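Me: I would like to go through this model by question and answer. Please keep the replies short.

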Amino acid sequence: MHDRLTQSMRASHLLALLFVLAALGLAAMGAATGDTFYLRLGTEALIFAGLALSVDLLLGYSGALSLGQALYFGIGAYVSALTLMKLPSFWLAMAAAFLATLIASIIGGLIANRVRGVYFALITFGLAQVMAKVVYNTRELGASDGMIGIPVIEIGFGPFSVSAGSPVGFFLIVLAVIMGLYALTAYLLDTPFGRVLTALKANEKRVPFLGYSVWRARMAAYVLAGVIAGLSGALYPMLRGFVSPELMFFATSGNAVISVVLGGVGTLIGAIYGSVLLVILKSIIGSWTEHHLIVIGLLFMLCVMFLPRGLVGVVRPAIETWLSRRRPAPVAAADPADLPAIIAETARTSR
Amino acid sequence: MKPVLDIRDLGISFGGLKAVDQVSFQAQRHRITTVIGPNGAGKSTLFNLISGALKPHRGQVLIDGVDMTGAAPERTKAAGLSRSFQITSLFPELTVAENLRLAAQVLEPTGRAFLPVGRSTQALARTGQMLERFQLAHKRDDLAGNLSHGDQRRLEIAVCLASEPKILLLDEPTQGMSHGDTAQTARLVRSLTDDVTILLIEHDIGLVMDLSDHVVVMHQGRKLAEGPPDLVRADPAVQAAYFGHA
Amino acid sequence: MTPVDYLQFVLAPQVVNGLALGVAVVLVALGLTIIFGMLDVINMSHGEFYAIGAYAALALGAAGIGFWFLLVLVPILMIPLGMAVERLLIRPVFDTRDRHVTTLLVTFGLGLIVEDVLKIVFGANTQRPPTPIPGATEILGIILPNYRIFLILVGAAIVLGVAFVVYKTRLGAMVRAAAFDRNMAASLGVPVSLVYAGTFAFGVSLAGLAGVLLAPIYSVFPTMGRDFILLAFTVVIVGGMGSIWGAVVAGLLLTQVQALASLVISPVWTDPIVFGTMVAFLVFRPQGLFGRLGHA
Amino acid sequence: MKTAAITMFAAGLLAATALSGSAFAQSGPIKIGVVTPLSGTYTPIGQQVRWGLELAAKEINAAGGIAGRQVNLLFEDEEANPSVAVQKAEKLFQVEKVDFLTGTVNSGSTLAVAQLAERNAKLAATTVSFADSITTDKCSPNMFRVNARAEQQSVALAAWLAKEKPKAKVYYLGPDYEMGRSTVAAFKSSAEKGGAQSGGEVFAPLDSKDYTQYFGQIRATRPQVLYTSVAGNDTVRLLTQLQDFGLLSGLTVVGASGTVTSQNITAIGAAAEGFATGVGYSPQIDSPANKTFVAAFRAANKTDPDLYGADSYGLLFAYKAAVEKAGSTETDKVREALRGLSWQTPQGTKTIRAGDHQAMQPMYVVRVTKGKFDIIDNVSSENAIGPDACTRF
């Protein structure tokens, strides 16, 4: 017997599985046709999906709107870039980005978590603005030009290795990392620890009287989100070979918020769908008119007003009902624990 | 016998107003102690001081002999104190069962905080008990926000009890209830004393006299009198200050 | 540089120029703080309404309408716009549980759209209306353009006028009552729904007025709305949500801090200083300098 | 299962477009990708780039195209953001299979696109970015620059200043970011070689609202010349505020080439009078080629070309010459043909220096008189270019 939140999460997992299948289909098609651009565009969409995921963890679960999540994405990207230029190791870059964003988000969290609601939004916005300005003015970090010349790396797994320059190979790696982050977040949200976060959004005032420290829960969510954003950002220079201060600008944070709202706040998988949708929209509309802001702004407003749970919110309830009718469900179609295995399996076979 | 809750000379003032002033009393194990007094007497403020929502300016709060003065709510909770609110405070977007499970998950060993909630056997068992005991089992999957007022008030008590506290602070549990519901809730509260010590704020004098083992009368922030219900009712000072107005 | 030179050429003008900039910031923040404080709505598109006001002044001015008439006309034209936005965008999400976040998001989307529409209608190039009052006056060796003197005076008059309406009139009392407790106000016969729409429109209209007044100094371009918005939000927070006097004090204070700080450190660090002030206030005095209007 | 349908649709769409992009090498029209800001603050520059290229393409196509093939321009909006620029450039390279790419404005985008061009074995050129690094320490074998770089501009301006105001006291005001600082530093060193004295310098944040807070320092040092490298809206504010404060009288204002352009000169109005800069182009250049170009540009776009429009216009003719010389659009052959190429542009003969891919061109000093850029001095291309500092190829 699953409770309702677990049921919703399982519905998200089904959508996640669908997403992974579609992504693998794309990878297979891309590999067959020798495509580069769409696979790499898809890879970028996935990287930004990681940022959107971290925004949804904060907004959709602990109820805190961050307008500056690109800060940690940018820190991850810069640290990864600096590491790669010294030593082109995937694992080292990811570890360095993890450590740096862990420290940065603890510091940021100590400041931002003194306040809540709209003040939290403004503080996170300001923090990112100030840090972006500092990077923009630091010659050692390439200042306004950013840094180019990040090498194309080989990513080793024991005896195997994949080149970040291989469109299919790197797409699958990024897919694995991002879906891994999704699975981890989804898993945590379905534990007693994660349920306290959900409780924060539902009624923060009541939480301490149940015996949980609001501050600690908020910090945990904030740091987790920062690290997720940072690990996603660390993948960016591997794909594009450069970093620039624009990665920390409000445009990047704002796009993540738009993705989450389009996909569905508080659905987790919605952030990933939303991010891909936004990239597709921008790519299509952007080639057709330079006034893409109007279209995206309009869609965004309509979603906020009429689809508070976004596109995923439209379909997920139906899946939940369907899942709850299938009784008893010992191992459902997509258990979070199965996801990495499925991804690993398909990655193996497609190599 | 050692009191479960020992309030000593508690006081706080807002601006110049002494909202609670020199209040001392004790709550005995498995008894119902009721705080009564006219509106603005400082009853809810007293609850806020005891539960950690407010820090007292003076005095002490001892829970089971341990000084918990000014401790944050999550710490008084850990010390075994659970409280309800005058205005229902639940998680309206979560189901009835999840409201209870959230409260009961403190019963789990720390190691299970990072295992799926389905593995929280103790919390889930406790949730089941509470659903049965408070006759909410048929509504377990309803959203708390969609319940009737009476059900919400009952759920609030259940949430407080789900964590197996030693002391239960109930702030007007029958507030806004129909006659029938009030009687039912009174029976329920009485039945709880097997497990917990209860500190109650209540306006319904009939109910107070019926239910209480011990009554503390507050007036303008101070304790006016205390004692068994009958004695308190007979107290001329209480008559003048409280019942005279009622 | 001699101390006298420093005082006359550097320090004194810095203070006076900071004052003019301060008045500009206060004018932009005024509408924001009223909407924020009374409706509890975060209007992220406030900057874009400021831009609309400036463009309206530019277009109508080019059509031959005099500056003095524009000062009255543009704010009046902004009122139906504000009413419509409140009705169509704010009202439907007003009662959502997290009003702050929802209204912030809706108005953020609106801002994106308005910016692009302005570009389509008026083109991407920077434009500037002529300075209505040319020339400069020298007082004690401090040069101050006449238009800035005018701006400081008009700014003061506007602030006093708004404060009078909000704090001293029956209309203002109704608005404050509605902000404090909607149900209580409704039971006292305040037409709450109309008051809300009117208040929002009033804030929008003030943004438009700021646009008319500031266009000759700061010029007009599609993205101009982003210019003041972080500073204006900072002023609102430091001053206290909805507090008119708070916005005035905070606006003048922060711009002075900025102006004087830029004498001793690289000006690029003045933004972090202003932001640091906001953080400090949020952490140590979240109610701001003057507390929240209509609330304890 | 609406989402499933959406996913499938999206995947199908991506795949379909991926399939349709296959190459038509060496036949059909020549495709040139233009990744330029069409939204955001840099839109006006992107417009000039677009207009210049469109005019050139129209003329080339009317005259029979490049080696008999028509030119097809494909535009993408880069939002002045390197991440977007690279994504769009990759689309043009990979999907549209463009033969050549141009359009980037801010130097961050240009550098990132240069690297992408290398990794895709394609060629790109900038017609706008003037950061020295693009053809010096961060030069790329696949990137060319046909516009004048910062040093060429400051050499020309400093030479004129040394003649016009010998030993002048100069105050420097730049935007506070890497480009702004390096532009000021470059001009300062050129000017001081010519005998100028420094009255002080200040860097204002980008997008400053009010420059009046620096006026006190400027007045106190009583400079004869003010050098500034702010651009766009910032110039409008700086110059009009200087005028409002009556500080322009007796002060010679000079600046970078992007400081006053056709985009902001109307907004600046009278405050722009007397402003002088070193630049690679002015609509006032008195040559038949330029007169024809300006007339055609004005007829098409109802506005004068500026340096961005002219340099972008000129680029296509360089590419045409190179492709026809190489007899192919292959990267290596065109690169060889472009190196050392001399060709005619509205601003005179330009030559691409083989060593760093920087165009050499005569430089002009122009001064705003009655809203027009009058040419008041010029420097030959050899004297302006400066040493080749590119070591990568």
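Me: Into which domains is chain D divided?
Reply: This is a predicted model. The bounds come from an automatic or database domain assignment. One domain of chain D is built from two stretches, 7-148 and 286-360. Chain D is thus given as domain 1 (7-148 + 286-360) and domain 2 (151-279).

Me: What distance separates the centres of domain 1 of chain D and domain 2 of chain D?
Reply: The two domains of chain D are in contact, with 11 residues from domain 1 and 11 residues from domain 2. On the domain 1 side, the residues that touch domain 2 are five nonpolar, three polar and three charged. Taken over C-alpha atoms, the separation of the centres is 31 Å.

Me: Which two chains, among the four pairs that touch, have the most contacts?
Reply: Contact here needs C-beta atoms within 7 Å. On that basis 38 residues of chain D are in contact with 43 residues of chain A. The pair with the most contacts is chains A and D.

Me: Which element of chain D gives the largest share of the side that touches chain A?
Reply: Several elements of chain D each supply at least two residues: helix 1 (2-20), strand 2 (71-77), helix 3 (82-94), helix 4 (107-120) and helix 6 (178-193). The largest share is 11 residues. Those 11 residues come from helix 1 of chain D.

Me: How do the residues of chain D that touch chain A divide by class?
Reply: The side in question is the one that chain D turns to chain A, with 38 residues in contact. Its residues divide into 18 nonpolar, 11 polar and nine charged.

Me: How many residues of chain A are in contact with chain B?
Reply: Chain B brings 31 residues to this contact. Helix 2 (73-78) and helix 3 (96-104) of chain B each supply at least two of them. By class, the chain B side has 16 nonpolar, seven polar and eight charged residues. The number from chain A is 21.

Me: How far apart are the nearest C-alpha atoms of chain B and chain D?
Reply: Chain B does not touch chain C, and their nearest C-alpha atoms are 11 Å apart. Chain B and chain D do not touch either. For chains B and D the figure is 25 Å.

Me: Why is chain B said to be as compact as a globular protein of its length?
Reply: Chain B has nine helices and 10 strands. The globule rule gives 18 Å for 246 residues, and chain B is close to that, so it is as compact as a globular protein of that length. The radius of gyration of chain B is 18 Å.

Me: What box do the C-alpha atoms of chain B fill?
Reply: The box is taken along the principal axes. Its dimensions are roughly 55 × 40 × 35 Å.

Me: Which element gives the largest share of the side of domain 1 of chain B that touches domain 2 of chain B?
Reply: Chain B is assigned domain 1 (1-80 + 165-246) and domain 2 (89-163), with C-alpha centres 25 Å apart. Their contact takes 10 residues from domain 1 and eight residues from domain 2. Strand 7 (167-171) and helix 6 (179-192) of chain B each give two or more residues to the domain 1 side. The largest share, three residues, comes from helix 6 of chain B.

Me: At what angle do helix 9 and helix 10 of chain A pack?
Reply: Helix 9 covers residues 250-263 of chain A, and helix 10 covers residues 269-288. Their axes are 7 Å apart. The angle is about 115°.

Me: Why does helix 9 of chain A count as roughly perpendicular to helix 10 of chain A?
Reply: Angles of 65 to 115 degrees count as roughly perpendicular. The packing angle of about 115° therefore makes helix 9 of chain A roughly perpendicular to helix 10 of chain A.

Me: What is the hand of the crossing of helix 9 and helix 10 of chain A?
Reply: Residues in this contact include Asn255(A) and Ile258(A) of helix 9 and Tyr273(A) and Leu277(A) of helix 10. By class, the contact has eight nonpolar, six polar and no charged residues. The crossing is right-handed.

Me: Which residues of helix 6 of chain C make the contact with helix 5 of chain C?
Reply: Helix 5 (residues 146-168) and helix 6 (residues 170-180) of chain C pack at about 70°, with axes 5 Å apart. That makes helix 5 of chain C roughly perpendicular to helix 6 of chain C. Helix 5 contributes Val165(C), Val166(C), Tyr167(C) and Lys168(C). From helix 6 come Leu171(C), Gly172(C) and Val175(C).

Technical notes:
Residues numbered from 1 in each chain as written. Chains lettered and ligands numbered in written order. Predicted model: local features only at pLDDT ≥ 70, side-chain atom pairs only at ≥ 80, totals over all residues. Axes fitted to C-alpha atoms, helices over the stretch in contact; angles between N-to-C directions. Helix = DSSP H or I, 4+ residues; strand = E, 2+ residues; numbered from the N terminus. Parallel < 35°, antiparallel > 145°, perpendicular 65-115°, else oblique. Left-handed = near helix turned anticlockwise from the far one by under 90°. Nonpolar A, V, L, I, M, F, W, Y, C, P; charged D, E, K, R; others polar. Rg over C-alpha atoms; globule rule 2.2 N^0.38 Å.
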